[in-house]
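Thanks for coming. Please look at the model on the screen, and I will talk through one helix and one pocket.

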Amino acid sequence: MNPTIHLAQQADADELLGRSPLAALVGMLLDQQVPMEWAFAGPYTIAQRMGTEDLDAHDIAARDPEAFVALLSEKPAVHRYPGSMAKRIQQLCQYLVDEYGGDPTALWKDVATGKELLARLNALPGFGKQKSQIFLALLGKQFGVTPKGWREAAGAYGEAGSYRSAADITGPESLAKVRAHKQEMKRAAKSAK
């Protein structure tokens, strides 16, 4: 059973995120310097432009880099920086092909602990500590991937009842709470300077 996801706030895009682990990973990769909904709608837009119903790591990794940049650059662009994001998506997919046979679920299928899963996520191209912790929290909170110690490995993003990140968004109300939290964090950081 696929989880009901509300990250893109668009039914078709969210449905893809719920059934496609690669789409969720690519959405997380795109989630920087653009509104979250735009980032998480990106995998659906990519699939549509590729003429497929899902994303495939082998297919994306094998595509001509210039053609893939052009695909992401079509109006409306998939991201504010379609060229650099196209390269990152292809690097992520190539890594998944090389290390996991192209199967993103292999990242978490056999992990014993949240710490081990976090290490695997940290190794992904384009995933730093914060992005990895948020994705780990998303896996635990919404996809049922809960190895021992996953909440601790996800740090504050793993806390139950929090509204810190994409991992906590289950609809428009929680999206508003996450936005409010992020704005408060920005204000606090600004006043600390």
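Helices here are DSSP runs of H or I with at least four residues, and strands are runs of E with at least two, numbered from the N terminus. This is a predicted model, in which local features need pLDDT of at least 70, side-chain atom pairs count only at pLDDT 80 or more, and totals for chains, interfaces and linings use all residues. Residues are numbered from 1 along each chain as its sequence is written, and side-chain values use heavy atoms, leaving out hydrogens and water.

The predictor's confidence in each residue, pLDDT, runs from 0 to 100. Its mean for the protein is 94. Among the elements, helix H10, residues 172-192, has the lowest mean, 87.

Which residues of H10 are buried, that is, under 20% relative accessible area with a 1.4 Å probe, protein chains only? They are Ser174, Leu175 and Val178. These cover an arc of only 105 degrees around the axis, taken from the directions from the helix axis to the C-beta atoms, which puts them on the same side of H10. The face turned away from that side carries exposed residues (over 50%), among them Arg187 and Lys190.

Now the largest pocket. A pocket is an open set of points on a 1 Å grid over the protein atoms alone, where a 1.4 Å probe fits, with protein on both sides within 12 Å along at least five of seven lines; lining residues have an atom within 4 Å of a point. Of its 23 lining residues, the closest to the centre are Asp31, Ile134, Arg164, Lys182 and Lys186. H10 gives the largest share of the lining, seven residues.
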